[in-house]
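Q: Could you take a close look at one part of this structure for me? I'd like to start from a single residue, then see how the rest of the chain is held around it.

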Amino acid sequence: MIAFFGPSKAFADEYKLGPQDKLRIQVFEWRNSVYEVIDWPALTGEFTVGSGGMLSLPLIGQIPAAGLTTRELSEAMAGQMKARIGMAAAPVVGVEVVQYRPFYIVGDVNKPGEYPYRPDLTVLQAFSIAGGLLRPQNSGFPRLGREVIVTEGEIQTLAAEINSARARRARLEAELENAEKIRFPPILEQQKSDLAIALLMEQEQLIFEGRQKSMQAEIEAHENLKDFFEKEIVSLGGQLDVQLKQIELMREELDSVTSLVKKGLAASNRARAQQRLIAELEGDRLRLETNLLRARQETSRTEIALLQTRNKRANEVTASLRETEAKLQNAISKYETARDLLSETRRIAPQVLVNRRRSAELQPVFSIITRSNGNSQEVMASETSAVQPGDIVRVVLPVSRNEDLDLVLKSTAAR
């Protein structure tokens, strides 16, 4: 049974998210204790829904996004954050679609391929975006051959990009865990016989070791400085103890001299000299106490600098990991789409060429291929049919007006 799409309608807020949708997310909470709105920068930014329909987020991890509206995703994120972090009240989560996943158009058009989606897109508009109907007279196989070559090149480029992102993600995860070496995923380990893959893994390992050495050197410098100040504190403490004992002895001696002066057995200038010595010792004691306080302050500053160094590296690695994960998911989605388009081009090329040669003046037949839960369904469409993100619009110039429906039915049955 053939289903027909109805006319285009307004793109409502109930849009269902899917792979390759790019979202802008902002998370904040109101804290009564400080009467202030607190922003969550780790969860604020642009994120891409992965090919499996999952959204990878810091703190939360992976959360299913495919099939949800932005409002439902917002509620799911808020609830998961509240449960995982143990918050008293769920934070406020804002989710906005900043770039819809693309649609694709194949078949008898001038510019087949991937195009950015825009709300309320119809088949006719998509057809126009792709340059309209292609009516080649003497060119058919050459163009299709070029399409195959170009798409194969894109697939190879995307495969290399995916492997590079996987290796980089493994290196960043090892840095974040402070591991001794990188644990590359099995899909890369199994391809180590490939010289390009082996070189890629070796380069990431060298980068990892270099960054670890740099980090360790910086940490050791802070620790050595801290050790120096701690030794200085011990030394100053010992000097201060000796100084206090000297002052105590000098005071005892001053008491003895003062007693003799009162009895007329010693000159008064001797007592004054003793008092001057005590005053000098007290001044030295104050200087030692000041230096001791300074050394303790420097020790605290060194500990703070050491902590900041570790936190800075962790934040940098976390941000790079998030960016790499988004690039990886985007490359995987493009790779799968390019592979499907290549298969589709090879499959329909012979029949398309026959139709073009026999039907130069016939009107094109439109169909839309949609994906749901891993399955594809192809349905007939008209010029006013609505196109959704991720759809593949197929344009075919039929052999005759009576054969266009059979062509689509055969294509659907083949799936």
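A: Let's start with Leu306, which counts as buried because its relative accessibility is 11%, under the 20% cut-off for that label. Keep in mind that this is a predicted model. Leu306 sits in helix H6, which runs over residues 268–358. Leaving out residues up to four places away in sequence, Leu306 touches Ile219, His222 and Glu223. Another residue to look at from here is Lys226: Leu306 and Lys226 are 80 residues apart in sequence, yet their C-alpha atoms are 9.4 Å apart in space.

Staying with helix H6, there's a salt bridge to look at. Arg251 pairs with Glu282, and their closest N and O atoms are 2.9 Å apart. Arg251 belongs to helix H5 (residues 195–262) and Glu282 to helix H6, so this bridge ties together parts that are 31 residues apart in sequence. The two ends are not equally covered: Arg251 is partly exposed at 41% relative accessibility, whereas Glu282 counts as buried at 19%. That 19% is under the 20% limit for buried.

Now for a pair between strands. Glu378 and Arg394 meet through their side chains in a salt bridge, at 2.9 Å from N to O. Glu378 is in strand E10 (residues 375–381) and Arg394 in strand E11 (residues 392–396), so-called distant parts of the chain, 16 residues apart. Here both partners, Glu378 and Arg394, are buried. There's also a network to trace: Arg171, Glu175, Glu204 and Arg211 are joined by salt bridges that share partners.

For a pair inside one helix, go to Glu75 and Arg71, whose side chains form a salt bridge at 3.5 Å, N to O. Both are in helix H1 (residues 70–85), and because they are four residues apart, about one helical turn separates them. Glu75 is partly exposed, with a relative accessible area of 48%, and Arg71 is partly exposed too, at 43%. Over the whole structure, a search turns up 21 salt bridges.

Next, the rings. The structure has five aromatic pairs. In one of them, Tyr100 and Tyr117, the ring centres are 5.7 Å apart and the planes meet at 80°, so the pair is edge-to-face. This pair links distant parts of the chain: Tyr100 is in the loop between strand E6 (92–99) and strand E7 (103–107), while Tyr117 is in the loop between strand E8 (113–115) and helix H2 (123–129), with their positions 17 residues apart in sequence. Tyr100 counts as buried at 19% relative accessibility, and Tyr117 counts as buried at 8%. Another edge-to-face pair is made by Phe127 and Phe366, 5.3 Å centre to centre with 75° between the planes. It also links distant parts of the chain, with Phe127 in helix H2 and Phe366 in strand E9 (residues 365–372), 239 residues apart. Phe127 and Phe366 are both buried. As for Tyr100 and Tyr117, they form one aromatic cluster together with Tyr15.

Stepping back to the whole chain, you'll find seven helices and 11 strands. Of its 415 residues, 40% count as buried. If you take the contacts between residues at least 6 apart in sequence, 68% of them join residues at least 24 apart. The exposed area comes to about 23900 Å², and carbon and sulfur atoms supply 52% of it.

Finally, a word on confidence. The mean pLDDT of the chain is 79, and 84% of its residues reach 70 or more. Over residues 1–12 the pLDDT stays under 50, and the model gives this stretch 28 contacts beyond four places in sequence. The pLDDT is also below 50 over residues 400–415, a stretch with 25 contacts in the model beyond near neighbours in sequence.

Note on methods:
Residues are numbered from 1 along each chain as its sequence is written. Side-chain values use heavy atoms; hydrogens and water are left out. Helices (H or I, at least four residues) and strands (E, at least two) are DSSP runs, numbered from the N terminus. Buried means under 20% relative accessible area, exposed over 50%, partly exposed in between (1.4 Å probe, protein chains only). Contact means heavy atoms within 4.5 Å. Accessible areas come from the Shrake-Rupley method with a 1.4 Å probe; for residues, only the protein chains shown count as cover. Rings of Phe, Tyr and Trp (its six-membered ring) pair if their centres lie within 6.5 Å; planes under 30 degrees apart count as stacked, over 60 as edge-to-face and the rest as tilted. pLDDT is the predictor's confidence in each residue, from 0 to 100. A salt bridge is a side-chain nitrogen of Lys or Arg within 4 Å of a carboxyl oxygen of Asp or Glu.
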